[in-house]
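Trainee: I should like to understand how the labels given to parts of a protein model are justified. May we go through them one at a time?

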Amino acid sequence: MANRLLSVGSQFPEFKKTAVVSLEKGNEFYDITSEDHKNADKWMVMFWWPKDFTFVCPTEIAEFNKHVEDFSDRDTILIGASTDSEFVHLAWRQNHDDLRGLHFPMLADTSKSLAEELGILEANEKIAYRATYIVDPQGVIRWVSVNDLSVGRNVNEVIRVLDALQTDELCPCNWQKGEATLA
């Protein structure tokens, strides 16, 4: 199977998926749609991991959680996602110290339809690669990064790129927020 990665300039696919948003009994789940961030006039960062109850994934999820305020300060909705079910997400959150206090939803793509549309399914196991999407308030993909299954990503780089995109100006190599742009 050859992946056809949905990339920069493409409209992010429409979706409605259940996500784990809380550990509070009766309030664990909430449906998230592709329209939520657009209706809120916010950016969206959606990051994918391969499997719950693994070793690299919680390090990334915990690191994104440490930066949840950084995303919020940038008018950005943060969503984590995998092809595991909402019930597996909930059990993982309940049983992993680093995941109990998450401040962003864990989206469940059990049908794998969204991951398939994005072109991020690994061929053999049909699990998502470590993909990260930055989507603007109009629903257009502005940045994509995909890592192999064994390599974690750098959350600071996601924030750096988000900052650069939000300037709507030309940003040189290694540009950091607060530095001069080229425009």
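Mentor: What follows is a set of questions about labels, each settled by a value and a cut-off. Please keep in mind that this is a predicted model.

Trainee: Why is C171 not counted as part of a disulfide?

Mentor: A disulfide requires two cysteine sulfur atoms within 2.5 Å. The closest cysteine sulfur to that of C171 belongs to C173 and is 12 Å away, so the separation is too far for a bond. C173 is likewise in no disulfide, its nearest cysteine sulfur being that of C171. The structure as a whole holds zero disulfides.

Trainee: What makes C171 partly exposed? And why is C173 called exposed?

Mentor: Buried means under 20% relative accessible area and exposed means over 50%, with partly exposed in between. C171 has a relative accessibility of 26%, and therefore counts as partly exposed. C173 stands at 70%, so the label is exposed.

Trainee: How do you know which label suits K51?

Mentor: The relative accessible area of K51 is 32%, and this residue is therefore partly exposed. K51 lies in the loop between β3 and α2. Leaving aside neighbours within four places in sequence, K51 has contacts with C57, D84, W92, E125 and I127.

Trainee: How far is K51 from W143 in space?

Mentor: Their C-alpha atoms are separated by 23 Å, and the two residues are 92 residues apart along the chain.

Trainee: I120 also belongs to a loop, the one between α5 and β6. Why does I120 carry the label it has, buried or exposed?

Mentor: Its relative accessibility is 0%, and so I120 counts as buried. Not counting residues up to four places away in sequence, I120 touches L5, W48, A115, I127, A128, Y129, A131 and Y133.

Trainee: What makes a group of residues a nonpolar core, and how many residues has the largest one?

Mentor: The members must be buried nonpolar residues joined through side-chain atoms within 4.5 Å. The largest such core has 25 residues, and those with the most contacts inside it are I61, F64, F71, L78 and I134. Two or more residues of this core come from each of β3, α2, α3, α4 and α6. The largest share, six residues, is given by α6. A second, separate core has 21 residues, among them I32, M44, A81 and V144. As a general background, nonpolar side chains in soluble globular proteins tend to be buried together.

Trainee: Which residues does I61 contact?

Mentor: Beyond its neighbours within four places in sequence, I61 is in contact with F47, W49, W92, L99, L102 and F104. I61 is also one of the buried residues of α2, which include C57, F64 and N65. The buried residues of α2 pack against β3, α3, β4, α4, β6 and α6.

Trainee: What is the volume of the largest pocket, and which residues line it?

Mentor: The volume is about 200 Å³. The lining consists of I32, D36, V68, F71, S72, T76, I77, L78, I79, H103, F104 and P105. Two or more of the lining residues come from α3 and from β4, and β4 gives the largest share, four residues.

Trainee: How is this lining divided by class?

Mentor: The lining has eight nonpolar, three polar and one charged residues. Since Asp counts as charged, D36 in the lining takes that label.

Note on methods
Residues numbered from 1 in each chain as written. Predicted model: local features only at pLDDT ≥ 70, side-chain atom pairs only at ≥ 80, totals over all residues. Heavy atoms only, no water. 1 Å grid on protein atoms, 1.4 Å probe; cavity = no way out; pocket = protein on both sides within 12 Å on 5 of 7 lines; lining within 4 Å. Points joined across faces, edges and corners; volume = space filled by probe spheres on them. Buried < 20%, exposed > 50% of the residue type's maximum accessible area, 1.4 Å probe, protein only. Contact = heavy atoms within 4.5 Å.
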